[in-house]
Amino acid sequence: VLNCFSTSHCPLKCVYCHADDLMKDFRDGEDEESISNVISLARNIDAFVAVITGGDPLTRPERAQRLIKGLAGHKALVLDTSGVGKPGSLDMLLPLLEQYSIHVRVSLDSVANSNDRVRPVNPEYVLDARVPSRTAAQETIRTCLRHGLAVSVQTVISKANDSLSELT
């Protein structure tokens with residue numbers, strides 16, 4: 001499995017992951033050449049699956065599109081997302097996700113409010129910060145399923161969600 005970072009921009013400030021200070025240099029270097037380099041290198045690495053990740057691909061869907069087009073047919077693809085992004089970002093990717101039967105992995109730690117405490121939205125990227133991250137994740141899951149895409153949910157287990165009621 002090869003992780004291919006489409007962007008270092010993320011719409012969340014997860015308590016266990018958020019590293020804005022570490023990602024600034026990478027954000028400043030996000031240009032057309034850098035995504036071309038990721039595609040070229042990923043094509044040459046012997047891996048069965050390429051995970052298009054970030055940050056979050058939904059924050060820069062045009063870069064995710066380039067990665068998908070550049071890697072489809074060379075490797076099985078997985079789109080790794082929080083489900084939170086700019087309005088219409090998932091819609092931009094759906095035709096390619098369907099065309100190449102791309103598996104979508106959505107990060108969601110709980111269907112309850114605890115998810116939003118450990119995975120709060122980053123107002124720098126989200127137009128309406130009142131919409132909780134779990135709502136966007138669940139809608140992304142529903143949308144992908146409506147489009148016949150394979151979907152899995154990635155969860156980080158912590159004291160915030162260590163009960164069955166939090167997960168179901």
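Biologist: What makes the side chains of β1 alternate in this predicted model?

Modeller: Look at where they point: Leu 2 and Cys 4 go to one face and are buried, while Asn 3 and Phe 5 go to the other and are not. That fits a general pattern, because in a regular strand the side chains alternate between the two faces of the sheet.

Biologist: How do you know that β1 and β2 pair?

Modeller: Pairing needs at least two bridges between the strands. Four bridges join β1 to β2, so by that rule they pair. The two strands run parallel, and one of the bridges links Phe 5 to its partner in β2, Thr 53.

Biologist: Let's move along the chain. Why is Thr 59 called buried?

Modeller: Buried means under 20% relative accessible area. Thr 59 has 8%, so the word applies. You will find Thr 59 in the loop between β2 (49-53) and α3 (61-71).

Biologist: What makes the link between Thr 59 and His 9 a polar contact?

Modeller: The side chain of Thr 59 reaches the backbone oxygen of His 9 at 3.0 Å. The cut-off is within 3.5 Å, so this pair qualifies. Not counting residues up to four places away in sequence, Thr 59 touches Thr 7, His 9, Cys 10, Pro 11, Lys 86 and Tyr 125.

Biologist: Why is α3 described as largely enclosed by the rest of the structure?

Modeller: Because eight of its 11 residues are buried. Among them are Pro 61, Arg 63, Ile 68 and Leu 71. The cover over the buried residues of α3 includes β1, α2, β2, β3 and α4. Just after α3 comes Gly 73, with a positive phi of about 90°.

Biologist: What makes a group of residues a nonpolar core, and which members touch the most others in the largest one?

Modeller: The members are buried residues of certain kinds, Leu and Ile included, joined through side-chain atoms within 4.5 Å. The largest such core has 29 residues, and Ile 68, Leu 71, Leu 77 and Leu 97 touch the most other members. Elements that each supply at least two residues include β1, α2, β3 and α6. The most comes from α4, with five residues.

Biologist: Which residues is Leu 97 in contact with, leaving aside its neighbours within four places in sequence?

Modeller: Those are Ile 68, Leu 79, Leu 90, Ile 102, Val 104 and Leu 149. Apart from the largest core lies another, of six residues, including Leu 12, Val 121, Val 126 and Ala 136.

Methods. Residues are numbered from 1 along each chain as its sequence is written. This is a predicted model: local features need pLDDT of at least 70, side-chain atom pairs count only at pLDDT 80 or more; totals for chains, interfaces and linings use all residues. Side-chain values use heavy atoms; hydrogens and water are left out. Buried means under 20% relative accessible area, exposed over 50%, partly exposed in between (1.4 Å probe, protein chains only). A polar contact is a pair of N or O atoms within 3.5 Å; within protein, one must be able to donate a hydrogen and the other to accept it, and residues adjacent in sequence count only if both atoms are side-chain atoms. Contact means heavy atoms within 4.5 Å.
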